[in-house]
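Colleague: Please take a close look at the aromatic ring pairs. Then set them in the context of the strands.

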Amino acid sequence: MMSCSKDAEEREEGRRLASRLLPNEEEHWIERAGARVRWLRLRAQERENAVGTIVLIHGAASNASRWEEFVEKTPLKKDWDIIRVDLRCHAASVCRTRATLEAWCADIEAILNDAGVCDAVHVGHSLGAHVAMYFAAAYPQRVRALVLLDPLVTQALSDRARAMRRRRPLLVLLEGAVRLANRLGIRRRLQRQDLRAMDEAARVKIQKGDRELEAFIAEYSSVRSDLKYMHAADLLRDMIEVGRPSPAPEKLAAPALVIASTGGTYTDAAAMAQWVGRMPKGEIRAVHCAHWPLTECPLEVSRVIEEWLGGGKLSPDKAA
């Protein structure tokens, strides 16, 4: 059993690393399976006419602040409840166990139960898209629709991403060594990660292009940079889990929008289109970015999501 002092220490770390709340946003916590998971809920401005719930799932080495700008600016918040979450082992969601796709999916189901929501539109970026796909395969009745931002689907990976996946066995060994060091008391104090502020600074580089754009891609791909905000074992686990095979597109039965990247950093747009074509109800839109659409082209991404959700293609909400 964990000592009271250790439990209090982890709760303090969670509070210190928590991202800020937006106006009228509610903070909630669930405790399950060795983790205390933080999730935030912004209720629809016109509650009597609310049409459903959107769950926003961040990517690797990220947290709920990735979606702050989107939630603040999107007109979807007029008619939709919006939930964003720190996945276990990220930011405020302090975790004492190894995170997996299955654990993240079970956490999201618990959040839906806690929120009194039957089904939702699940929107995920990169690792978050992987989580959303696995969730849809495991809990299809809880998925009203999927929106996947540059998902790292196995059949559409770039050569660079395939090379990274081949290192997965080494990552597993490294994770084991780091977790052993953690058990011996070797553990760093993390910095709080404000992705909205990071994105605003990154856009200055993106607008300049050329070497500045290359510098942005290098920074946002940098493990060294990510280690400021995540414990090494947890970051390695992110990389391991996103390297797992993606579900077969034929098994993702819900209406789905895939927002593909044209930059080719981790995925190939043409191969992605072929993969989406195998989905029962899949559609694809391409945006000009490397891999971080919410950073590189947030207005375009928001418009695509808003138009798709507002297009009348979704069945009536089954939310409780």
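Modeller: Rings of Phe, Tyr and Trp (its six-membered ring) pair if their centres lie within 6.5 Å; planes under 30 degrees apart are stacked, over 60 edge-to-face, the rest tilted. The model is predicted, so local features need pLDDT of at least 70 and side-chain atom pairs pLDDT 80 or more, while totals for chains, interfaces and linings use all residues. Residues count from 1 along each chain as its sequence is written, and side-chain values use heavy atoms, without hydrogens or water.

Start with the rings. The structure holds six aromatic pairs. One of them joins Tyr266 and Trp292: the ring centres are 6.2 Å apart and the planes stand at 80°, so this pair is edge-to-face. Tyr266 sits in the loop between β7 (256–261) and α11 (269–276), and Trp292 in the loop between β8 (282–287) and α12 (293–296), so the contact ties together parts 26 residues apart in sequence. Helices (H or I, at least four residues) and strands (E, at least two) are DSSP runs numbered from the N terminus. Tyr266 and Trp292 are both buried (under 20% relative accessible area, 1.4 Å probe, protein chains only). The network goes further: ring pairs link Phe216, Tyr220, Tyr266 and Trp292 into a cluster.

Now the sheet. β7 and β8, whose following loops carry Tyr266 and Trp292, belong to an open sheet of eight strands. The order is β1-β2-β4-β3-β5-β6-β7-β8, and the pairing is mixed. Strands pair here if DSSP finds at least two bridges between them. β1 and β8 form the edges; each has a single partner strand, so one side of each lacks a neighbour in the sheet.

Inside the sheet, β3 (residues 52–57) pairs with β5 (residues 120–125) in the parallel sense, over four bridges. Ile57 has Gly124 in β5 as its bridge partner.

At the β1 edge the pairing is antiparallel: eight bridges join β1 (residues 25–32) to β2 (residues 35–42). His28 faces Trp39 in β2. Two residues lie between the strands of this hairpin, and Ala33 takes a positive phi near 50°.

One last ring deserves mention. Arg36 lies over the face of Trp29, 4.1 Å from the ring centre. For that contact, CZ of Arg (or NZ of Lys) must be within 6 Å of the ring centre and within 35 degrees of the ring normal. Trp29 falls within the residue range of β1, and Arg36 within that of β2.

How values were computed: Buried means under 20% relative accessible area, exposed over 50%, partly exposed in between (1.4 Å probe, protein chains only).
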